[in-house]
Amino acid sequence: MGPNPFFTKIMIIMKLITLFLFVGLMQVSASAYSQVLKVEFPQKSISVKDVLLTIEKHSDYKFLYRNDQMDVNRMVEIKSPAKSLENILSQILNKTNLSYKILENNLVVITSEQQKITLKGAVKDLQGNTLPGVSIVVKGTNKVAITDYDGNYTIQVTENDKILVFSFIGMKKQEVLIGSQSVINVQMESEASILDEVVVVAFGTQKKKDLIGAVTTVKPSDLKIPSSNLTTALAGRVAGLISYQRSGEPGKDNADFFIRGVTTFGYKKDPLILIDNIEVNGTDLARMQVDDIASFSIMKDATATALYGARGANGVILITTKEGKEGKVNISMRLENSISASTRNVELADPITYMKLANEAVLTRDPLGIVFYPYAKIDNTIKKVNQYAYPVTDWQNELLKKYAMNQRANLSVSGGGKIARYYISGAANMDNGILNVDKRSNFNSNAKLKTYSLRSNININLTKTTEVVARLSGNFDDYTGPIDGGASVYNQIMQTNPVLFPAYYPTDNDHQYVQHILFGNYDLGQYINPYANLQRGYKDYSRSTMDAQFEVRQNLSFITEGLSLRGMFNTNRYSYFDVNRAYNPFFYNVAHYDKLTKTYSLGAINENTGTEYLGYSEGQKDVSSSVYLEAAVNYSHVFAEKHTVSGMLVNIMRNNLIGNAGDLQNSLPFRNLGLSGRFTYTYNSKYSAEFNFGYNGSERFYKTHRFGFFPSVGMAYTLSEEKFWEPLKKIVSEFKVRATYGLVGNDAIGSAADRFFYLSNVNMNNGSYGAVFGTNNTYYRSGISVSRYSNIDISWEKAKKMNLGLQAKFFNKLGVEADYFTEDRSNILMDRASIPTILGLSAPVRANVGKAFAKGIDGTIDYSETFGKNIWLKVRLNFTYAASKFTQYEEPNYDEKYKLHVGYSLSQQWGYLAERLFVDDAEAANSPKQNFGVYGGGDIKYKDVNGDGQITPLDMVPIGYPTDPEIIYGFGFSAGFKRFDISCFFQGLGRESFWIDPNATSPFVNNQRQLLKVYADDHWSEDNQNVYALWPRLSPNVNANNTQMSTWFMRNGAFLRLKQLELGYTLPDVLLKKLQLTNARFYMNGSNLFNITSFKLWDVEMGGNGLGYPVQMVLNLGLQISL
Amino acid sequence: MKYFKIYTYSLLIILQFSCSKFLEVVPDNVATIENAFTTRAAAEKYLFTCYSYMPSQGNIVSNPAFLSGDEMMVPEMVSVYRGISLGIQIERGYQNVASPYINYWDGEQGGKPLFQGIRNCNIFLDNIAKVPDILEMDRKRWTAEVYFLKAYYQYWLLRMYGPIPLIKENLPISSSIEEVKLKRAPVDECVNYIVQLLDEAAVDLPETVLNKTAELGRITKPIALAVKAKVLITAASPLFNGNSDYASFKNNDGQLLFNSVYDATKWEKAAVACKEAIDLCHLLGNKLNYYKPAMSQYSLSPEILTQMGIRNSLTEKWNPEIIWANTNSMAGTLQIFSQAKIDPTQQSNQGFTGCLAPSMKMAELFYTENGVPIEEDNTWDYNGRLDLKTATATDKFRIKQGYTTASLHFNREPRFYADLGFDGGIWYGQGKFDDQNTFWLEVKAGQSGASAGGWYSGTGYYIKKYVNFNNVISTGNTYSMEDYPWPVIRLADLYLLYAEALNEQNGPAPEVFEYINLVRLRAGLKTVEESWTSYSKLGSSKYATKVGLRDIIHQERLIELAFEGQRFWDLKRWKDAPRVMNSNINGWDISQETALSYYRITKIFKQTFLLKDYFWPIKEIDLIINRNLVQNPGW
């Protein structure tokens, strides 16, 4: 046995810590250099004066002292060896109240010990409330004080002490000069004061005070979760974002997210994601390191997104990364180790029940049918006669471990001087799957995803007015894992018969010579053995994204105050490849079983096709590249101290190429071209007005429709700045209303493959339309097909967005921010519904005819409070409600008005109303005819809504809630007690329906599919004719009648889960000082710890995807260090 | 100031790109539909595209005539396995308007989108004149082929759906919503248009294909004439000729869709068309197929030779009887689905499945060895047909000597033994070419040929007729096949159509008997006159009347063309379907191990055929999209 991997990890972490400590100490010792003296003192007793004179004579030191303070004739004894000045002086000055200081040019000043001064004061907040527990530090020393319950403090300082630093969680750090006064009262300002915050907006920043658009900013620290996937942190954290996670598989666990819901029918429903202004995809966002994020903004309304013109209609997520700041080196490191386990595994029926019910399934459908499990087999299995001849295999147990260990490490270095500043970071994550690898395998086929990222942001001041920024970043995935992926292992478990064969047979006497594992199978080997599929090989994939960005910022204030110019060039390169290495497993079955001796012999099923060596196959290879150029002119100036005016014009160009597009049209470059502008005016921080526009071109449309103009306007009014507000200010300290309206476009309509709507797409070599002739079928020619008809009128999808917002702060503690929005989408691309089949078109005819409307509210409430000296508390609530509906939808003119989409959500489902199960065949025969194939007693009875005597698609009515949740919310608190902190965050969603997939869960299909325990326990059977049973009458295959979209398998997707719980401890300053650290915090957190829902089969957040890789529960230990 | 200049210039350079040319990413020569007609080679592809919509007549899933009728069945469990359940759903009465099975109107559920095919044919016809580098001869021939295809697709739709909208010219995509709401055309108009297209096609079609290695399977003149004959026979048959059941079936504007007045001249036209087709075929050398092995290791008994003549007329590729075989629809799957487990040493071979099971009524359909129906034969014990009987040496080319099986299997006509596999039956070929030492079937439960791996015949019968005798069951999962393009029309079909048309026109006449007897002769039977006179309880009076002879012709046709995708349509056009298809689909009790228990007739399911089942339902949504389209009666 090798070393314990967990122990090894700890050792590595320890080594790392030691390394960083060592680097820090090196710097400290370097500053403590001093001269070596070569002075001899002959006498045993000598006067102080002589000592000093002797030193002055033999070295460069000069002494300075006041005679009234020092008795120079005092006799002292200098103990040898006295090699350093410090040594000698400490001997001379011992037992005096004198001290010395070495100044420049080796001038040594000896003075009496400084006067200790006692400073006093009270700390209050802006409202005049006393603040207990504020820590006061004398800058550059370890002198510390803390305010008492009444907010008072006292602290001893000396003349040399210059600055007091007041700090308190939730408040802005404040530095106060120590003058001659002995009382220093301080008013601290809340850190979260919404007015002074700077918000990153499209192509720039704005003061939150002046902000008009609906922009939500998220503190990066709120996004820290024990996961290497940032997207999983978003749900419930960000007002205005609808998000949920359907899978927990490493590498495929990206959450889905939409800003203010979905209001388009096109292929791109998710928001535009920009990192440092560069468009990236969801995976790039997932790989983003929280520690690298300087700001995280979600732009929701028209003024915020109009600048992105064609691409802003679905909202924008904008992230900027950290830049270095002038100052000393700042090193920060975070290490985490976590354990993840499935939140819930699907429960399967026991093997005996499985066989009995499989037989029942055959006989209940066809009394003459041939049962698959002879009764002798069932009996012998119950009696456990022989575990290989009558196997019982718990595939979940064979294939899955209980938990997996994941590690994450993160390091950043930043700092800089007057000329250059830098921020460099690196991160490495290792996510392990939870699959069992056979001990005999000499390669690891468990999923293991290593992701690395590097980022380097360098800012250089070329001149006083010119700054260049170079940003380089890359993220890299290295994966090795099962050939078919982790989710497939879960799927295969569901498809594998539990009683036909074991995962493998032990090597018996007949097979002592074989080198391979004797995998189990049955009959001719056509059955799935997921264990063999997992062990037989592995896949490696490698994915990398490289991003290089160069930016120049030129301040043009020498032309006119407030004018600046900016230009940016960016290129992004993406590559992906995978390779598979695998052998063909050897399968065996029990060829002969001797009932008397209860022994079996094995038969080889595929001795000719099995291999003991690995084969090799190459997989997918993707490459793409994009280039982006941006140039901007900015102007901002304050006139007469009251009129703030700003203007901006941005020109962008983007070119994207795909290396393996698949067809000619897709291989042509993807381009965007745009000019955008923003003009703002603010009067005295009270009134603000803004005008934005985007003028964009997209190559997808015909010349005359190619460019679109997307303007937006907005206004804001800060009432709390008005004079008349003064009396209210004690209660409502801030109050602001804002309104915006504008137009945003979307060119990502139809499907991504529809590159040029104005051109037809003709495949001149379509094999599906070919024909073959000749005596021996040798003359073949492929055919010609049209997959798109040209239409030069197709153009932008447009969204008219309106937003009404409110920002308020009560008692300076309770902040409320709420937005009401509406969105009117028009020009949505749709298939014409009036084209009959007999026209013979091979592709749909389309036009910009759809319309949709959405409205909703989103908001945030936060509250912070301190209790006594040591306790603080913060509470936060986020809420998003977004509901969409079709307002114009082209569809046939149904007589059944409930079939019409207008008025229903874009993700509304239509289905049959399942009344109950049929009591018996007679009832089925006498009910309206159901047109889905065989059915009878115990099958689902649907309601004939239109009363035409049969069940057809015309009886499908809108059922359930939309599949995209309409409500997402999150709430939580964080609190601290002394050095301990705790935080907890709940997240939930509501108004969502999902469907148990009856096709995927139909048992016994192909004599393989597993049976869910809940189905075994609760189904209609001839003995128990429960017409409300969970599962209808059993069937050996998928029964089409019972798998229709209906209310029968509809479930409420609402849930509330403890998304995160965290406990932290920050090391005391004293200890930090010893360790030469500025900060160190240990923490322990867990995510997805429990879930409140009415649905119990699997993790409800997975929705209909319940048989996939489960969502993970994570327990995590972390350490964060700053130097 | 220096920097300012640099940046201004670089900004200007960037802005320079920003002219709209940046978005002109499409090169000029992206393919458009015009490219299909700029060269002969591209136009040929378009011709093949037109061909590609040809229904796969030999496909078990997409030809409804196989599994939607009463000829054969596949057990529910087996059928779902292989996705072949579509036709079975119709057979079992689950056809519906929501999502019709085997839907050739919309091209769903196993059907091909024939209206798309028709549109492509029209595009081809509109543009073929533009191709510069094509020989005039080819242009004419290709045009004629596309005329044929357009006609055939409409004929296929007519047979399934009755009156259809005729798309004579393509409507432009920019047509208004009202313009595209086309209505159905009356049956007679449809027939006339189809015949008109076929006549136009026949002018320029070649009589035979010269370049056989590259073009065999392309449409020739005999094919066009034979299809024309079939179209006219269909139009003359009771379903379409004076059918009063559909007297009130009309378009929304009141236009009648069926002509309910019987018109005898339709039979006359049909007979003329049949004769024209037969004469041309004879001229070109088509003849009924007889098995005359050029060189044979073994001297075969006359019985096996007769059986082989029958089998090979279908399974021997390009045999002289074939008028039209579809090279785009090979019979491989049919063969795999029909090969029984005859080799006890290869019980676990899954290269074939043997799951297509003829119904009991098909086993009873074939004549006795005297060439008359089993219930009419005065020498054959009809009532004792389920009794057990053990085969003797005289049965040895039919039933394994010494094997006990039902009396039904004894003393039947050669086509019975050539077409069907059954418990105890001899199965000649498949590697054993000595008729003294052949495979035979043992398919009762527990026997070597019974169910394995989930595959079995639900009735105990197998369709030997589909299986080429050269196929070999090898070891492992290998089944090596001699595949053949599915014969859509063969000469025997035309002979029987001609006989039928003549009899309907004028009643019994020497020419009627001549053509039936040609078919009977090849099947190893005596003439109608001889057989009925000597062996039928009804005697010679039966064939002397038009009605009696009609019965004889019908049964002869059902037997000769059994399992060839004809019965389903024939029963409908004769309006016999409600009588024949409202009965049980039966088989033997296949789960039994002993002969005593096995040979009990077991009901598998009850088939129903109602008036509405004559025609396919049009998908509900199509009627809502196009309110001028009317649904077929009963749906």
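Here is a short chat about the predicted model of chain A.

User: Hi! What should I know before reading the numbers?
Analyst: This is a predicted model, where local features need pLDDT of at least 70, side-chain atom pairs count only at pLDDT 80 or more, and totals for chains, interfaces and linings use all residues. Residues are numbered from 1 along each chain as its sequence is written, chains are lettered from A, and side-chain values use heavy atoms, leaving out hydrogens and water.

User: Cool. How many helices and strands does chain A have?
Analyst: Chain A has 15 helices and 57 strands. These are DSSP runs numbered from the N terminus: helices are H or I with at least four residues, strands are E with at least two.

User: And what does the C-alpha trace span?
Analyst: About 125 × 80 × 60 Å along the principal axes of chain A.

User: What share of the residues is buried?
Analyst: Of the 1123 residues in chain A, 54% are buried. Buried means under 20% relative accessible area, exposed over 50%, and partly exposed in between (1.4 Å probe, protein chains only).

User: Switching topic: which contacts join residues at least 24 apart, percentage-wise?
Analyst: In chain A, 69% of the contacts between residues at least 6 apart in sequence do. A contact means heavy atoms within 4.5 Å.

User: Back to strands. Where does A:Leu675 lie?
Analyst: A:Leu675 lies in strand E35 of chain A.

User: How much of A:Leu675 is accessible?
Analyst: A:Leu675 is partly exposed, and its relative accessible area is 34%.
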